[in-house]
Amino acid sequence: MNISERNSSPHQPVLYHESLKYLQPKPKGKYIDGTLGAGGHAEGILTSSAPDGLLLGLELDDQAINIARSKLSAFEDRCFIRKASYVNMENQLEALGWDYVDGVLLDLGLSSMQLDTADRGFSFLREAPLDMRFDPQQGKTAADLLNSLPEKEISDIIWEYSEDPKSRQIARLIIEKRPIFTTTELANLILKVYHGKRGKTHPATRTFQALRIEVNNEFEVLKKGLEVSLNVVRSSGRIAVITFHSLEDRMVKQFFQRESTNCICPSEQPICTCGHQAVLKVITKKAIKPSQEEIITNSRARSAKLRVAEKI
Ligand SMILES: C[S@@+](CC[C@H](N)C(=O)[O-])C[C@H]1O[C@@H](n2cnc3c(N)ncnc32)[C@H](O)[C@@H]1O
């Protein structure tokens, strides 16, 4: 897929060539795309593993599943799409009768389709109910959280997931003004805390990101998802993760580091008592970042980082 073809998709896959280069899909291989989205990366995996490579695509969002199904219809006999969290990939694998896979790809965060679909509530630029769930049939919405959590918890969420220096003032104003139901109500309230100053990025960007992470429990899911990826990848198989948030990237980096180390005892301990054995080899010593060309054609790519490890 060239850049102009990707530009015409509802969502442009980020670090497309780089992730395929490192995932190395092959004929007869089995792969999991744990965050199927519009199926851009999945299409690349299926094309590169032709004629008989298999792909299991997992996704929580019904709209994305419909788009991916139609995009991947030419690969119907080699592509299995399921509505499930990537955290449950082991069950999904078992249901297909697969023992192991040759590669797992996780492309985290939200898609351009989700950001651009007003009624999902992900964007402060579009008036909509404050929802932000990847799966709109499950869990609490962002409005549910803002209208029920104590001030301290709201402030902690904003600070921990976005490091917004005005997290406390924002939380205080939310408590004063709630109930809050819409994206614009929240965005205007944050603008007020920032005295209407917009700067390079809208001041609501960080709080919206933090709320989305909390609503979808994204960090906890990633932590577990990395562990289960390790269980399902065969020896010489690879795990590739694309992140868009520095804390997520740190989690992936530290997980790969720990699992590629034989002993994880504290450095001051003279004798190893942990018995930890390395199970991974880190393939990307430094995170792979998008080219300038990609960032120019797709601004969503600017904070992306790809890390890859191989099972020993
Ligand atoms: C950045 S997009 C993926 C785009 C995709 N790689 C493509 O090329 O079209 C991330 C997708 O992951 C989905 N998602 C987020 N958390 C998930 C989870 N725990 N399990 C499965 N899908 C998830 C989101 O709904 C979103 O569609």
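**A loop residue, two cores and a ligand shell**

Student: Where is aspartate 164 found in this predicted model?
Tutor: Start with the helices on either side. One is helix H8 (151-162) and the other is helix H9 (167-177). Aspartate 164 is found in the loop between helix H8 and helix H9.

Student: Is aspartate 164 buried or exposed?
Tutor: Count the other C-beta atoms within 10 Å of aspartate 164: there are 23. The cut-off for a buried residue is 20 or more. Therefore aspartate 164 is buried.

Student: Which residues is aspartate 164 in contact with, leaving aside its neighbours within four places in sequence?
Tutor: Ile158 and Trp159 are two of them. The others on the list are Ile170, Arg206 and Thr207. In full, the contacts are Ile158, Trp159, Ile170, Arg206 and Thr207.

Student: What distance separates the C-alpha atoms of aspartate 164 and alanine 210?
Tutor: Along the chain, these two residues are 46 residues apart. In space, their C-alpha atoms are separated by 9.3 Å.

Student: Which strand gives the largest share of the largest nonpolar core?
Tutor: This core has 49 residues, and Ile32, Ala42, Leu55, Ala68, Val104 and Ala240 touch the most other members. The largest share, 5 residues, comes from strand E5 (residues 233-243).

Student: How many residues of the shell around the ligand are charged?
Tutor: In total, 23 residues surround the ligand, and the closest are Pro13, Thr35, Gly37, Gly40 and Asp107. Helix H3 (40-48) and strand E2 (54-59) each supply at least two shell residues. The shell divides into 10 nonpolar and 10 polar residues, and the charged ones number 3.

Note on methods
Residues numbered from 1 in each chain as written. Predicted model: local features only at pLDDT ≥ 70, side-chain atom pairs only at ≥ 80, totals over all residues. Core = buried A, V, L, I, M, F, W, Y, C linked by C-beta atoms within 7 Å. Buried ≥ 20, exposed ≤ 12 C-beta atoms within 10 Å, placed from the backbone. Helix = DSSP H or I, 4+ residues; strand = E, 2+ residues; numbered from the N terminus. Near = placed C-beta within 6 Å. Nonpolar A, V, L, I, M, F, W, Y, C, P; charged D, E, K, R; others polar. Contact = placed C-beta atoms within 7 Å.
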